[in-house]
Structures are given as C-alpha cells and as structure tokens.
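Please examine the structure shown here before reading the exchange that follows.

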Amino acid sequence: MSSIITPLRHVRGFDVVRPLSIWTLILMMMPLVLLPLASVFIFGTSKGLHSFWVALKAPEAIFALELSMVTSFWATAFNVLFGLFAAYVLSRYNFWGRNALIVTISLPTAIPTAVAGFALLLLWGPYGTLGRLLAPHGIQMMFTAGAIVLANIFVTFPLAFGVIKPVLDTMSRSLEEASATIGATRWQTFWHVTLPSLRGAIVSGALLTFARAVGEFGSTILVSGNLAGRTQTAPLYIFAKFNEGQIEAANAIAIVLALFSFLIFSVLFFARDWLDVE
Amino acid sequence: MKESLEKSVYPGFSAKWKAEHGQEVRFTSSFAGSETVTNQILQGVGADIAILSIERDVDRLKQGGFVTADWQALPHQGIVNKTPFVILVRKGNPKGIRDFPDLAKPGVQLIHPDPVSSGGAQWSVLAIYGSELVKSEKQTGEPDQAHALQTLRAVWRNVISTPGSAREARTQFETGFGDALVTYELEGLLMKQAGTALEIVIPRATIFSEHPAVVIDRSVSAAKRPVVDAFMQYLWSDEAQRGFVEYHFRSITDESLNSAHKEFGQIEMPFTIDYFGGWSKAYAEIIEGIFRDQVQRRK
C-alpha cells in the first residue's frame, strides 16, 4: 500500500495528502455532525440570550434536568459497582459458561431502547412476570423515578464493564501474586493493589455511563409515565416541548445537554493520561 | 366509525337509493384520526363527505375554502351522532369509583393521555372540569369555578402516566396499569367487546363528544350532488341512527333509541361543548387557561 501512496505524497516538496485528508475529514463531518449541532446553538441564541435564559428557568425544565441527573447518577453508581464486580469475576475466574455471560452483559448495546422499555413494562407491569407478585403489596415500579433508573441501568449495562474488563485482563498478575505471598487477604489485595490501578478505567467507565444515561430517550418514554414536573426527564421534556410547538423551550434544554456531553467527553479526552486510559 | 358505516349505514343507503332510483351507489372511504383526515382533504384528497370528531376540523376546512355552505343548516346543526365521556374501571370496581371526584381519592391511579398532544385528553379535562361546574350550578345556581379547579388539580395528582394519545392510554390500561381511565363511552364498549375485564362508570354530569358530518362542496360535482345530499339526509334517518346505536354511538335524533339500548347508562346532567361557548373558547379558557397554567404548571 505504502509503495503506491509514497510517490503521490510529495509534489515539489509539498505534502498534498496531509491537508487534503484533514479537509476531507472536516468536510465529511460538516453535514453529518458539526452543522446539526451548530444549528441547535444558532437557533437557541437567535432570539438573544435572554429568551434562552427564560426557557431554561421554567420550573418543569429545571425539574427535568434535575431528574435526569439524579436518575443517571444512581444508574451509574450501580453499573460501575456491578461492572467492577463482573469484570473481576469474569477476568480472574475461568469457568463453563463464562463467554455466554460476557455476551449477555454486552447485549443491551445491541437491543433497541424501545424494546428495553417494553421488556421492563412486561416484567414489572401489574400483569407482568414480577409485577404480578408485587402488585398485591401495592408495589408499582413502573411510571416512577425508579423505573427511569431501571431503564438507565439496562441500556448502559455494558459500558463500565466494557472499559474495566480489558484493563483487568491486561494487568500484570505479579503485583497481586506478590501481595498474596506477603500474607495479604484476597480483600486486602483487591483494595490496595487491584483497585488503585483500575482508577482510570472506573472514572472513564462512570463518565461514559452517565453521559449515555442522561441522554436516554427510547426506553424512558415507555416506562416513566412522562408526567411534566414529576417523571419527565430532560430528553422527554425536549420531545414534549417540540410536540407542543415550543421550539425555543426544547432547544434551550438541548443546548444544555449538548454542552454537558461535550464537557464529559473533553474530560475523558484531556484527562486520559491521568486516567491511564489508552 | 368504520364498523357502523360499513356494516349498517352504507348498505342501508345503497339499498334505499337503488329502490328509489335504480342506481348502485359505491362508497370509497378512508378512516383515520379527525385531524389527519382534515389534513388529507386540505391537501387535495377529493372526498365528497367527511365525518369528523371535532368541530375545529370543520372550521379548518371552511378556512381552506373546502366547505362553503352553512354546514350547521343541516339537521341537529350538522351533528350525526355522539358519545359521552365516561370512567373505565377494573372489573368489580375495587376502588369504588362512582363519579369524577372519586378519581381524586388517595390510592387511586389514573391513566390520562397528555392534553397537549391528544384531543381525547382535552375532552377528558373538559368533562371533569365541566362536570363539577354543572353540578355546582344545579345545586346553588352558580357554577363554582374554584371547586372545579380544585377537583381537577386533585384528580391530576393521581395521574401516574400521560401517554401521547388516547390509543396509547388504552394500551397501558389494557396491560394492567392504573385503576381508572377517562375516555369515550364508545371506546369503553369496544374494549369490553374485545374482552377487557372492565366496568363503565357513568359520571353524574359529563360531556358529549359530538361528531359533525360535512359536505366538501369543492369536490362534489353537479352530477353527484343529488346522491350526496340524499346521503347526508339519510344520516339523520331512524335507520341510520339505529345503525350508529348498534355500533355503540348514541343517537343524536332520538333519545328513546339510547334509553332502549341496554349498554348505555343514564346520564343525569349531560352537557356539550356549547356549555363552554364552543371549542375555540373552551380551548383557550379551559385547556390553556385552567389546565396548562393552573393545574399542570409546577409552582
């Protein structure tokens, strides 16, 4: 391959391919990602920062953002702990059915989020497999903030696991073995030796999970009940306001979510040395 | 609407026309939500007649120049049939719901489509709010708006889900969510017929959804005019009205048809959109002014 490219690369000492490829990349990204995002910002500020601010200060909008943050926080807390535990078990022990478990954990990435939503309804609903047993005790998970957390857990299930496990897989065992030789218990070894070297993977796994959960729509619209000011998350608020024809209100929250994910991914990118993520 | 027209009204009119004029009448019809049908006509689908579920859509056809005659000059101001808003509850009515204010009782869970996106949900808000006004007016001579607002607020606190459409609300109710659903009596009867275990509670005072039929004057050719006019008149005949009742609509012409029909409960104090002064007024004052600004908005 390189033998074909090399003669083309330099025209009278000027590297043609370099600026050409960079500009091709940017031009390709323009209509696909950059311009759509830019339109949100252009539209949002076209009527001045004041109307943006007013739209943002609506009590339902603030509530929706808070609800998204809180439910995503709990889903992230659970999935990071679970991902850590699952990664440890599946990386340190070899057993029959291990690969089947790994595949199952990764499955939610490939399942449409709407399917995730109605799968939860079918399980927890009053006629559902589990809901049927809980309903007589007055326990109704669906159409509550709890349902939003469950949906977030489902759709972000493999993310933290997926970041933590490869790090555990490639981690040198010699430190853990040394720790065991000098009489440390398994727990001490995990706490003082294994965990510190996973610090970066845990933080980036958590950020990825959180960013994905905050933006979740498909499963949430089915299980939350979508009540403004009670069970309406930020993405549902955007959808509701758009349907209502209040595009400014929808757009203000869209800007907040876009900035938010930009922030999260910037942290992931620029702090990667500290986080030891390759 | 599809069943009642295709199984009763169309064959009835065809037979009548054939007997009187010796010609076959063939109907081509399309069924969709009232708003969708209106949009299709506005975009040039050449329909001769439209039966709609909301007066606002007739107004849109008028504004577009598709309906030029005074459609309310027809019998019963152009309304062909009606169905009241009722409360659907689980079999045996375990929560003891008898009227709209019972929906506000602690522990009752209500499924209510979102009034922002669903026309059926707007009717339901008008039914609950109007019901309290009508009852208080009957009792004291004055409609008690503060009480009606308070009831609507209290009922809304028991709403556990606001799906985007009345159809989605029905699906949620059918899959076991909620203790109660406010919807058209027609819908409740169809759900019952489809095998859902439910009971229909008739509120003491409730609103009728009334359905206008209009001639799309712009599409009707001079040759077709007589048959179209004859069909319009036929809609208010006893035969057609009986056909509507058989398929769960209430007759607009003859209350005795309704009271003779076993599946319809008696409504003590029925009212219509006219009670609020028509749709556009009801929408601005009740849906926006009361519901959106004073019930839904968080303080």
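The turns below concern one helix contact and one strand of chain B.

This is a predicted model, in which local features need pLDDT of at least 70, side-chain atom pairs count only at pLDDT 80 or more, and totals for chains, interfaces and linings use all residues. Residues are numbered from 1 along each chain as its sequence is written, while chains are lettered from A and ligands numbered from 1 in the order in which they are written.

User: How are H4(B) and H11(B) oriented to each other?

Analyst: Helices are DSSP runs of H or I with at least four residues, and strands are runs of E with at least two, numbered from the N terminus. The axes, lines fitted to C-alpha atoms over the stretch in contact, give angles from 0 to 180 degrees between N-to-C directions. For H4 (residues 119-140) and H11 (residues 279-296) of chain B, the axes come within 11 Å and cross at roughly 80°. Angles of 65 to 115 degrees count as roughly perpendicular, and H4(B) and H11(B) are therefore roughly perpendicular.

User: Is strand S2 of chain B mostly covered or mostly uncovered?

Analyst: A residue is buried if 20 or more other C-beta atoms, placed from the backbone, lie within 10 Å of its own. In S2(B), residues 79-90, 11 of the 12 residues are buried, and the strand is mostly covered.

User: Which residue in S7(B) stands opposite Pro84(B)?

Analyst: Two strands pair if DSSP finds at least two bridges between them. S2(B) and S7(B), residues 205-215, run antiparallel and are joined by five bridges. Opposite Pro84(B) stands Phe208(B).

Key. Angles under 35 degrees count as roughly parallel, over 145 as roughly antiparallel, 65 to 115 as roughly perpendicular and the rest as oblique.
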